[in-house]
Amino acid sequence: SPDGKFKKPVVLMMVYYKCPILCPMVLEKFTDSLNAIDFTAGTEFDALVVSFDARDKPADAAARLGGQLLYYKQHTTDTIRRGFNFLKCESQPENARKLADALGFPYRFFPNTGEFSHGAAVFVLTPEGKVSRYLLSLNYQPKEVRLALLEASKGKIGSLFDAFTLGCYHYDPATGSYAIMAMRVMRVGGGLTAIV
């Protein structure tokens, strides 16, 4: 991190900047969730948006970044600008394919339409670059996003209460969301009762 405090978790999205529907919707829906939580891009987490379309140009990435900064609720500062990175793989499209393959993010180009077929996914990475959580579909609940960032940071962001809250939840792959761990909550409650 430039400020030397700690390395941050990273939210990663793979898109193509000229996508007519799905990619802008993924960015908008996920930003709605970011706008509803009290973590700030560039401070508690970084956001990385990578285009997998070799036809995308630097101007396309800059335009998407500009739109993102306008839609993000926080007043744009240099820290927030550094927290959002929109990249393109124009000169080396094989790097986008390698990244997508490593993430398990399939996409396919259809020459007859000039568009790509791909899913909607947001990847939450640890500061070391390991996938901590997959957020699938377009239903990015603010609580889920907050817990995913807390989990990826290993408790380095958020408050003591956040650490406690994270300890009471676990990720349930069957439902694709965080669920409260009743037994752990009962143990904490029993411990607090004993102390009182």
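Let's start at His118, which touches Tyr16, Cys19, Leu22, Cys23, Phe52, Phe105, Pro106 and Tyr107, leaving out residues up to four places away in sequence. This histidine belongs to strand β5, residues 115–118, and it counts as buried at 14% relative accessibility. Keep in mind as we go that this is a predicted model. The neighbours of His118 include two cysteines, Cys19 and Cys23, and several aromatic residues, among them Phe52, Phe105 and Tyr107. Each of these groups is worth a visit.

Before that, a quick look at the whole. The protein has 7 helices and 9 strands, and buried residues make up 40% of its 196 residues. Among contacts with a separation of 6 or more, 67% are between residues 24 or more positions apart.

Take the aromatic residues next. A pair of aromatic rings is described by the distance of the centres and the angle of the planes. Searching the whole structure gives 12 aromatic pairs. One of them joins Phe52 and Phe105 in a tilted arrangement, with 6.0 Å centre to centre and 50° between the planes. Phe52 sits in the loop between β2 (46–51) and α2 (58–71), while Phe105 sits in the loop between α4 (93–103) and β4 (107–110), so this pair ties together parts that are 53 residues apart in sequence. Both rings belong to buried residues: Phe52 has a relative accessible area of 4%, and Phe105 is also at 4%.

Phe52 has another partner in Tyr107, and here the rings are stacked, at 4.2 Å centre to centre and 20° between the planes. Again distant parts of the chain are linked, since Phe52 is in the loop between β2 and α2 and Tyr107 is in strand β4, 55 residues apart. Tyr107 counts as buried at 9% relative accessibility. Its ring also has a charged neighbour: Arg97 lies over the face of Tyr107, 3.8 Å from the ring centre. Step back and you will find Phe52, Phe105 and Tyr107 in one aromatic cluster with Tyr16, Phe109, Phe116, Phe123 and Tyr134. Tyr16, from the contact list of His118, is thus met again in this cluster.

Now for the cysteines. A disulfide is a covalent bond between the sulfur atoms of two cysteines. How many disulfides does the structure hold? The count is 0. Why do Cys19 and Cys23 not form one? The sulfur of Cys19 has its closest cysteine sulfur in Cys23, at 3.4 Å, which is too far for a bond. From the other side, the closest cysteine sulfur to that of Cys23 is in Cys19, again at 3.4 Å. Both residues are buried, Cys19 with a relative accessible area of 6% and Cys23 with 2%.

Cys23 leads us into helix α1, where it is one of the buried residues, together with Val26, Leu27, Phe30, Thr31, Ser33, Leu34 and Asn35. The helix spans residues 22–35, 14 residues in total, and reaches 20 Å from its first C-alpha to its last, close to the 20 Å expected at 1.5 Å a residue. Thr31, in this helix, is buried with a relative accessible area of 1%. Setting aside neighbours within four places in sequence, Thr31 is in contact with Gln68, Tyr71 and Tyr72.

In soluble globular proteins, nonpolar side chains tend to be buried together. Here the largest nonpolar core has 49 residues, of which Met13, Phe30, Phe45 and Phe105 touch the most other members. At least two residues of this core come from each of β1 (10–15), α1, β2, α2, β3 (84–87), α4, β6 (121–125) and α5 (142–153). Met13 shows how such contacts reach across elements: beyond four places in sequence, it touches Val26, Leu27, Phe30, Leu48, Val49, Val50, Ala121 and Val122.

One last stop is a matter of backbone. Most residues other than glycine have a negative phi, and most peptide bonds are trans. Ser137, however, has a positive phi, near 75°. This serine is placed in the loop between β7 (131–136) and α5, and it is partly exposed, with a relative accessible area of 38%.

How values were computed: Residues are numbered from 1 along each chain as its sequence is written. This is a predicted model: local features need pLDDT of at least 70, side-chain atom pairs count only at pLDDT 80 or more; totals for chains, interfaces and linings use all residues. Side-chain values use heavy atoms; hydrogens and water are left out. Helices (H or I, at least four residues) and strands (E, at least two) are DSSP runs, numbered from the N terminus. The expected span of a helix is 1.5 Å times one less than its number of residues. Buried means under 20% relative accessible area, exposed over 50%, partly exposed in between (1.4 Å probe, protein chains only). Rings of Phe, Tyr and Trp (its six-membered ring) pair if their centres lie within 6.5 Å; planes under 30 degrees apart count as stacked, over 60 as edge-to-face and the rest as tilted. A charge sits over a ring if NZ of Lys or CZ of Arg is within 6 Å of the ring centre and within 35 degrees of the ring normal. A disulfide is a pair of cysteine sulfur atoms within 2.5 Å. A nonpolar core is a set of buried Ala, Val, Leu, Ile, Met, Phe, Trp, Tyr and Cys residues joined through side-chain atoms within 4.5 Å. Contact means heavy atoms within 4.5 Å.
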